[in-house]
Amino acid sequence: MKKIEMTIPHHGREVSGRLTLPEKEGNYPFVIFSHGYNGSKNDFEIMADYLAQQEIASFCYDFCGGSVQDKSSLATTEMTIFTEKEDLLAVVDALSEKEELDSKNLFLFGGSQGGLVSALTAEEIKDKVRGLVLLFPALCIAENWNERFPEIEDIPDTQELWGMTLGRIFFESIHGFEVYSHIGTFDKNVFVMHGDKDPVVSVEYSERLKTIYKNIEIEVFQGEGHGFTEEGNKRAAILLTDFVKKNIMK
């Protein structure tokens, strides 16, 4: 397989990412991997390698300001769900121009917060996305923080969470935001993987998607939490590959 480091400039900042291609030259279906809160482009590298072996390309990238590891010009205190959506839209535009990638067979894959961002993005560019895959998507983010800070004046200037500092803008941008009213018009196939022991995002948030999307399948992983075991990740990679192959437009 081949790995190509890329930077994608937009909105005065740069997305850093890695394109993984099968060894032979070709025009391949591809998956864009969006990481979770305080994650990185390395989080799905094993999946990316597996896809390449199955003649599917992929792109893993860092959200600007999306983790303490990120080297972009955006601070973590400036990041929001919506700046991350801008990042993903920029990635889609940039990759759609690459001859090695089949733009009619673009799949979005998002884990946790990246799952929420991917779902919101798919709504905006539904004609460009062939399929949507969500891994324990954090559809609870706005609800959880609105419960924590019910009034605008309750929101602090900064808030530390899991080793990363968020800014006031993160919470203001989702104040009163109803996630389920902003998704559901994406009418191609949606595949969700979620552990039944997830302590961060209850599987009920994913189960509710059955009433939102027209074409959805949910795979509940028994005994898995928020972040799968090695065995769970291997199974997830196989299921992802199967989903892509079943939904490729010839």
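**Exercise 1. Work out in which order the strands of the open sheet lie, and which are its edge strands.**

Step 1: Eight strands make up the open sheet, and their order is E1-E2-E4-E3-E5-E6-E9-E10, with mixed pairing. Strands here are DSSP runs of type E, at least two residues long, numbered from the N terminus; helices are runs of H or I with at least four residues. Two strands pair if DSSP finds at least two bridges between them.

Step 2: Look for strands that pair on one side only: these are strand E1 (2-10) and strand E10 (216-221).

Step 3: Check the twist: on average, neighbouring strands of this sheet are turned by 20° against each other, direction ignored. (Axes are lines fitted to C-alpha atoms, for helices over the stretch in contact, and angles run from 0 to 180 degrees between N-to-C directions.)

A quick word on the source: this is a predicted model, where local features need pLDDT of at least 70 and side-chain atom pairs count only at pLDDT 80 or more, while totals for chains, interfaces and linings use all residues. Residues are numbered from 1 along each chain as its sequence is written, and side-chain values use heavy atoms, leaving out hydrogens and water.

**Exercise 2. Find out how E1 and E2 are joined.**

Step 1: E1 and strand E2 (residues 13-21) run antiparallel, with nine bridges between them.

Step 2: Pick one bridge: histidine 10 has arginine 13 in E2 as its partner.

**Exercise 3. Describe the surroundings of aspartate 62.**

Step 1: Place it: aspartate 62 belongs to strand E4 (residues 57-62).

Step 2: Buried or exposed? Aspartate 62 counts as buried because its relative accessibility is 8%. (Buried means under 20% relative accessible area, exposed over 50%, partly exposed in between, with a 1.4 Å probe and protein chains only.)

Step 3: List contacts, meaning heavy atoms within 4.5 Å. Apart from neighbours within four places in sequence, aspartate 62 touches Val15, Ser16, His35, Ser40, Lys41 and Asp70.

Step 4: Zoom in on one of them: the aspartate 62 side chain reaches the backbone nitrogen of lysine 41 at 2.6 Å.

**Exercise 4. Say which residues lie around phenylalanine 221.**

Step 1: Phenylalanine 221 and phenylalanine 228 are a stacked aromatic pair, 4.6 Å centre to centre and 25° between the planes. (Rings of Phe, Tyr and Trp, its six-membered ring, pair if their centres lie within 6.5 Å; planes under 30 degrees apart are stacked, over 60 edge-to-face, the rest tilted.)

Step 2: Both phenylalanine 221 and phenylalanine 228 are buried.

Step 3: Add the charge: arginine 235 lies over the face of phenylalanine 221, 4.2 Å from the ring centre. (That needs NZ of Lys or CZ of Arg within 6 Å of the ring centre and within 35 degrees of the ring normal.)

Notes:
Polar contact = N/O pair within 3.5 Å; in protein donor to acceptor, adjacent residues only side chain to side chain.
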